[in-house]
Amino acid sequence: MRNTALQRMRRARIVPMRQFAALEEGEHPDPAPDSFAVAAGRDALKRMMIAIDALPPACRRVVLLRKFEELPPRAIAERLGLSLSTVEKHLARGILLLSRALRDMPVRTDPPGPIAAKDSTRRQA
């Protein structure tokens, strides 16, 4: 009787492997972005590229070299044959213009593609 009771207690402590698998899946969410995050990222990138294309040429070159190629201002000055002060002024002006352009640029709220077209025909009717 005593051995049976001890055996039941030991077995009660044993957790089936299925429960461990379920716990592990819940603890580690999928690191891949969901479809909304992908669409929002694409939209943000598109807006950023439009704003960069609208910059004056000198500012655009400096901003691209600094932010996308991650060159230090001194290396940008050497590459473009400009003084360090000029590079810093172009960079500051470019970032200011970018922030204003992105702030003033409308954010698309309607879904892309055929769904948006169907919604617009419904609204008109």
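Biologist: Among contacts in the protein chain between residues at least 6 apart in sequence, what percentage join residues at least 24 apart?

Modeller: This is a predicted model, and what follows should be read with that in mind. Taking the contacts between residues at least 6 apart in sequence, the share that joins residues at least 24 apart is 55%.

Biologist: Which pattern does the protein chain follow when read along the sequence?

Modeller: The protein chain has seven helices and zero strands, so every element in the pattern is written with the helix symbol. Read along the sequence, the pattern is α-α-α-α-α-α-α.

Biologist: What percentage of the residues of the protein chain count as buried?

Modeller: The accessible surface of the protein chain comes to about 10,400 Å², and carbon and sulfur atoms account for 58% of that surface. A residue counts as buried under 20% relative accessible area, and of the 125 residues of the protein chain the buried share is 14%.

Biologist: Which residues have the most contacts inside the largest nonpolar core?

Modeller: In soluble globular proteins, nonpolar side chains tend to be buried together. Here the largest nonpolar core has 13 residues, and at least two of them come from each of helix H3 (35-53), H4, H5 and helix H6 (84-104). Leaving aside residues up to four places away in sequence, Val62 touches Ile76, Leu80, Val87, His90 and Leu91. The residues with the most contacts inside the core are Val62, Val63, Ile76, Val87 and Leu98.

Biologist: Is Leu64 buried or partly exposed?

Modeller: Leu64 has its place in helix H4, and together with Leu45, Met49 and Phe68 Leu64 forms a nonpolar patch on the surface, with about 350 Å² of accessible area together. The elements that give two or more residues to this patch are H3 and H4. Because its relative accessible area is 31%, Leu64 counts as partly exposed.

Biologist: With which residue does Glu69 form a salt bridge?

Modeller: The closest N and O atoms of the pair are 3.2 Å apart, which is within the 4 Å that a salt bridge allows. Glu69, at 48% relative accessibility, counts as partly exposed. The partner of Glu69 in the salt bridge is Arg79. The pair links distant parts of the chain, with Glu69 in the loop between helix H4 (57-68) and helix H5 (73-80), and its partner, 10 residues apart, in helix H5 as Arg79.

Biologist: Which side chain meets that of Asp104 in a salt bridge?

Modeller: The structure holds two salt bridges, and in this one the distance is 3.1 Å, N to O. Asp104 is exposed, and its partner is exposed as well. The side chain that meets Asp104 is that of Arg103.

Definitions and conventions. Residues numbered from 1 in each chain as written. Predicted model: local features only at pLDDT ≥ 70, side-chain atom pairs only at ≥ 80, totals over all residues. Heavy atoms only, no water. Helix = DSSP H or I, 4+ residues; strand = E, 2+ residues; numbered from the N terminus. Buried < 20%, exposed > 50% of the residue type's maximum accessible area, 1.4 Å probe, protein only. Contact = heavy atoms within 4.5 Å. Areas by Shrake-Rupley, 256 points an atom, 1.4 Å probe, with all protein chains shown as cover. Core = buried A, V, L, I, M, F, W, Y, C linked by side-chain atoms within 4.5 Å. Patch = residues over 30% accessible without salt bridge, like charges linked within 9 Å, V, L, I, M, F, W, Y side chains within 5 Å.
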